Amino acid sequence: SDTTHPNRDAFPTGTPGPALRALAAAGVRSTADLTRWREADLAQLHGMGPKALAKLRDALAASGQSFR
């Protein structure tokens, strides 16, 4: 079974596994939680790379939101 993130369906399809694990470890449960984070702070999480940040940024933008 895939235990990458307990709520992985809340994130964009194709978000890399290491990034999902980083989000889970940081207590981020959905893209809405990302609005409380600065992109620079997310980038510091182990496993969070440029590809994942771009996917998350695009997902936020699509719903009219952004990082803090």
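## Exercises on a three-helix chain

With 68 residues, a compact globule would have a radius of gyration near 11 Å, and the protein chain agrees at 11 Å (taken over C-alpha atoms; the globule rule is 2.2 Å times the number of residues to the power 0.38). This is a predicted model, in which local features need pLDDT of at least 70 and side-chain atom pairs count only at pLDDT 80 or more, while totals for chains, interfaces and linings use all residues. Residues are numbered from 1 along each chain as its sequence is written, and side-chain values use heavy atoms, leaving out hydrogens and water.

**Exercise 1.** Work out which elements make up the protein chain and how they are ordered.

*Solution.* Start with the count: there are three helices and zero strands (DSSP runs, numbered from the N terminus: helices are H or I with at least four residues, strands E with at least two). Next, read from the N terminus, and the order is α-α-α. Finally, look at burial: 29% of the 68 residues count as buried (under 20% relative accessible area; exposed is over 50%, partly exposed in between, with a 1.4 Å probe and protein chains only).

**Exercise 2.** Describe helix α3 and find its two faces.

*Solution.* First, the length: α3 covers residues 50-62, and its 13 residues reach 18 Å from first C-alpha to last, close to the 18 Å expected (1.5 Å times one less than its number of residues). Second, pick out its buried residues, Ala52, Leu53, Leu56 and Leu60. They lie on the same side of α3 because they cover an arc of only 100° around the axis (using directions from the helix axis to the C-beta atoms). Third, turn to the face away from that buried side, where the exposed residues Pro50, Lys51, Asp58, Ala61 and Ala62 sit. Last, ask what covers the buried residues: α1 (17-25) and α2 (39-43) are included.

**Exercise 3.** Trace the surroundings of Ala19 and Thr15.

*Solution.* Begin with Ala19 in helix α1, which counts as buried at 0% relative accessibility. Leaving aside neighbours within four places in sequence, Ala19 is in contact (heavy atoms within 4.5 Å) with Gly47, Met48 and Ala52. The C-alpha atoms of Ala19 and Ala52 are 6.3 Å apart, although 33 residues separate them along the chain.

Now step back to Thr15, in the segment before α1. Thr15 is buried too, at 8% relative accessibility. A polar atom of its side chain lies 2.7 Å from the backbone oxygen of Pro12. Not counting residues up to four places away in sequence, Thr15 touches Leu20 and Lys55.

Technical notes: A polar contact is a pair of N or O atoms within 3.5 Å; within protein, one must be able to donate a hydrogen and the other to accept it, and residues adjacent in sequence count only if both atoms are side-chain atoms.
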